[in-house]
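Biologist: I have a model open on my screen and would like to go through the words you use for it. Could you walk me through them, with the reasoning behind each?

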Amino acid sequence: MEEHTDNRQKILIADDSEMNRSILTDMLGEEFDIIEAADGVEAIEQLEKYDVEISLVLLDIVMPRLDGFGVLAKMNEKKLIQDIPVIIISSENASSFVERAYELGATDYIQRPFDTHVVRRRSLNTIMLYGKQKLLKGLIEEQIYKREKEQTLMIDILSHIVEFRNGESGQHVVNIRLITDLMLKTLVGITDKYNLTSSDIDIITLASSLHDIGKIAIDEKILNKPGRFTDEEFAIMKTHTSKGAEMLEKLPNVKTEPLVQKAYEIARWHHERYDGRGYPDGLKGEEIPVSAQIVALADVYDALTSERCYKKAFTHEQAISMISNGECGTFNPLLIDVLNKVADTLKEKVHNLDVEKETSEFSKFSQEIFSTKELSASRRTLDLLDRERQKYQFITSLSKEFLFEIHANPVAVRFFDETVHHLGVKQYIPNPHEDKELNQCMSEKSLKELVSLINKATKEEPIINYETDVVMDGSTHRCKIKIMKQYSLEDEEYVYSGAVGKLEDITSDYRQRAELERAATHDPLTNLLNKAHSRKLIEYYLKNHPKVNYALAFIDLDNFKKINDTYGHQKGDQVILAVTDAMRQNCPAGGLCARVGGDEFIAFWKDVGKTVANAKKMFDAINASFTDGIGSVSMGVAQTSVAGRDYETLYKSADIAAYSIKHNGKAQFCLYSDSMKDFELPE
């Protein structure tokens with residue numbers, strides 16, 4: 001084995017056959033430093049020693065002590081598989097072996113006897129791909145970290161706006177977050193009653209900063225009153241809970257986000273009490289979300305131990321005693337136990353915290369922004385407005401997104417987020433077209449279309465957006481896939497192409513767009529097609545199916561104005577809806593129905609030699625839909641075989657046939673014929 005140098009990439013060869021290791025070393029030793037392992041246990045030891053210094057593992061399956069599958073399992077356990085690619089080199093060719101290797105994260109599979117050029121080229125390409133992926137991953141992780149910092153900063157800014165208006169230093173928000181986080185982590189350690197994950201704890205802790213957001217809407221004279229509130233003032237003060245919840249509920253597009261949902265719970269219900277004597281809704285016991293229960297305790301503790309314009313601070317011991325004895329309202333006994341368990345830690349962390357010595361970016365920033373001595377009234381107002389703008393920019397940027405990488409050749413998918421539980425898929429999917437979980441999440445057709453687009457993309461004409469349906473949390477969502485960067489690596493045999501992208505849930509936007517499109521194409525009362533859209537569809541059929549004959553029926557309600565004048569418009573709407581149902585149920589298969597005027601409708605269908613029978617069936621059904629003898633209908637029918645394939649002519653011919661009935665007793669239907677060609681409708 002060659003001596004290692006620091007300026008060359010390292011390849012670990014794990015094989016119990018010394019001959020095989022020697023052959024592979026001869027193939028690759030000129031370009032790479034080779035590390036050898038005679039079995040799986042040695043392979044793990046070398047991986048632990050060199051970690052990500054190893055650029056590639058060439059791994060045999062059948063080895064003593066620990067086989068290749070065991071090595072892959074250990075690499076998954078230690079999360080090494082994410083950064084170190086593995087190529088299986090084995091004489092085992094059973095599909096079960098190959099499939100299991102890929103499921104455990106292997107990048108490639110080469111069967112013995114192997115070709116020198118193939119091994120060398122695949123090794124080099126794999127190292128190049130992973131090198132590129134590491135670079136992209138680093139860039140994306142940097143972006144994610146920056147975004148998370150900005151989000152936390154914006155939440156801090158917003159919450160400090162509230163505290164600033166309340167005449168406080170902003171330390172209250174810091175304390176609430178600290179206490180909330182500490183109590184939640186202790187709570188999950190003693191009970192699984194609330195089924196809280198680490199992600200839930202992070203979200204609740206961040207959302208706790210917005211518990212008093214509703215105070216933005218409270219008059220500053222009341223907020224900063226130095227004495228007791230009057231009954232009227234206290235009633236106004238209490239509305240900060242419902243006002244805060246209302247602000248969050250009305251946020252466009254993001255109110256279903258977990259952070260916003262938790263912030264809503266906390267803002268609305270952090271003044272509820274376990275015995276039902278709180279406000280604003282008088283919730284009792286476990287009706288109160290645990291997020292709000294925890295923040296309520298944190299809020300009371302910090303209020304007691306802090307000096308306010310209307311009171312002196314109590315000691316830590318006094319505050320714990322007052323809360324435990326019920327002097328501040330009734331709280332969940334389990335959470336009282338949690339508070340007592342963390343009491344010593346609270347005293348140390350909260351009361352020994354020196355705000356002036358903090359070195360975080362936000363501490364410095366907030367001290368500059370919220371110095372009441374230096375800001376004039378106008379400057380302060382402008383600054384608050386600017387913070388509000390930043391708040392909404394931050395909140396509207398929230399969305400359910402997943403960063404991923406897709407290799408188009410060979411096809412593979414990797415999600416950068418380890419917890420892709422919303423999608424119900426693995427983080428790394430080496431054979432996406434054959435992966436059942438991914439095909440349940442995204443159709444194979446959609447995946448193939450996406451891969452095809454990536455293969456066709458160039459730097460000059462990159463993929464921008466692709467929309468598809470994705471199953472998340474058991475329900476179907478409309479998602480937008482945005483490609484952020486494409487890449488392509490070439491050699492004399494292969495072209496490896498792929499892209500880094502973002503999958504974003506746009507269900508609410510999609511539904512809103514669909515609703516707008518439907519409103520533009522359908523009649524609001526009957527939900528039938530409107531005149532303009534039905535014309536487009538009919539013209540499409542007439543143009544694109546020139547050998548198919550069609551029939552168009554023009555349906556006019558007789559004396560409809562009299563129905564409205566005599567019985568009222570509500571009765572008129574009922575008649576319209578009854579006619580609509582009769583048309584839908586009796587329109588020939590594949591046909592369409594539309595409302596083209598107040599009391600005028602059309603139906604359009606393929607003419608297969610039963611035009612009179614089909615028209616008579618619909619005509620009779622519509623007449624039967626009128627109740628109490630109120631209403632009748634006249635119907636004219638035109639066929640393309642007689643009237644021609646021009647929409648205007650076909651529509652006019654059916655109208656002429658219906659109009660001829662109006663002067664002939666009404667309540668009939670008429671088939672357009674050549675004898676009516678010279679008839680002119682009145683203006």
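Modeller: Gladly, and let us begin with I336, which touches L297, I323, S324 and F331, leaving aside residues up to four places away in sequence. Keep in mind that this is a predicted model.

Biologist: What makes you say that I336 touches those residues?

Modeller: A contact means heavy atoms within 4.5 Å. I336 meets that condition with L297, I323, S324 and F331.

Biologist: Is I336 buried or exposed, and how do you know?

Modeller: Buried means under 20% relative accessible area. I336 has 12% relative accessibility, so I336 counts as buried. This residue is found in helix α14. Its C-alpha atom is separated by 9.8 Å from that of I294, and the two residues are 42 apart along the chain.

Biologist: What does L297 touch in turn?

Modeller: L297 touches M183, I323, F331, L335, I336 and L339, again not counting residues up to four places away in sequence.

Biologist: Why is something called a nonpolar core?

Modeller: The name is for a set of buried residues of types such as Leu, Ile, Met and Phe, joined through side-chain atoms within 4.5 Å. The largest such core here has 44 residues, and those with the most contacts inside it are M183, L187, L297, I323, F331 and L346. Two or more residues come from each of α6 (171–190), α7 (198–207), α11 (258–269), α12 (290–305), α13 (316–324), α14 (333–341) and α15 (343–351). Of these elements, α12 gives the most, with nine residues. There is also a second, separate core of 28 residues, which includes F69, L72, L80 and Y109. As a general point, nonpolar side chains tend to be buried together in soluble globular proteins.

Biologist: Two helices from that list, α7 and α11, pack together. What makes α7 oblique to α11?

Modeller: Their angle is about 55 degrees, and their axes are 9 Å apart. Under 35 degrees would count as roughly parallel, and 65 to 115 as roughly perpendicular. The angle falls in neither range, so α7 is oblique to α11. The crossing is right-handed. Where they pack, I203, I204, L206 and A207 in α7 meet P258, L259, K262, A263 and I266 in α11.

Biologist: And which residues meet where α21 packs on α26?

Modeller: K531, R535, I538, E539 and L542 in α21 meet Y647, E648, L650 and Y651 in α26. Helix α21 (residues 531–544) and helix α26 (residues 647–662) pack at about 115 degrees, with axes 10 Å apart. Their crossing, too, is right-handed.

Biologist: Why is K536 called exposed?

Modeller: Exposed means over 50% relative accessible area. K536 has 59%, so K536 is exposed. K536 lies in helix α21, and its C-alpha atom is 9.5 Å from that of Y647, a residue 111 places apart from it along the chain.

Biologist: How do you know that the buried residues of α1 line one face of the helix?

Modeller: In α1 (residues 18–28), the buried residues are N20, R21, L24, T25, M27 and L28. Seen down the axis, they fall within an arc of 160 degrees, so they line one face. The face turned away from that buried side carries the exposed residues E18, M19 and D26.

Biologist: What is notable about the backbone of R65 and N559?

Modeller: Each has a positive phi without being a glycine: near 65 degrees for R65, and about 55 degrees for N559. R65 sits in the loop between β3 (54–59) and α3 (68–77), while N559 is in the loop between β12 (550–557) and α22 (560–567).

Biologist: Why is R65 called exposed, and why is N559 called partly exposed?

Modeller: The exposed class begins over 50%, and partly exposed lies between that and the 20% limit for buried. R65 is at 61%, so R65 counts as exposed. N559 is at 44%, so N559 counts as partly exposed.

Biologist: Where is there a cis peptide bond?

Modeller: A cis peptide bond joins Y279 and P280, with omega at about 10 degrees. P280 is in the loop between α11 and α12.

Biologist: How many helices and strands does the protein have?

Modeller: The protein has 26 helices and 16 strands. Buried residues make up 49% of its 683 residues.

Notes. Residues are numbered from 1 along each chain as its sequence is written. This is a predicted model: local features need pLDDT of at least 70, side-chain atom pairs count only at pLDDT 80 or more; totals for chains, interfaces and linings use all residues. Side-chain values use heavy atoms; hydrogens and water are left out. Buried means under 20% relative accessible area, exposed over 50%, partly exposed in between (1.4 Å probe, protein chains only). Helices (H or I, at least four residues) and strands (E, at least two) are DSSP runs, numbered from the N terminus. The arc is that of the directions from the helix axis to the C-beta atoms. Axes are lines fitted to C-alpha atoms, for helices over the stretch in contact, and angles run from 0 to 180 degrees between N-to-C directions. Angles under 35 degrees count as roughly parallel, over 145 as roughly antiparallel, 65 to 115 as roughly perpendicular and the rest as oblique. A crossing is left-handed if the near helix is turned anticlockwise from the far one by less than a right angle, and right-handed if clockwise.
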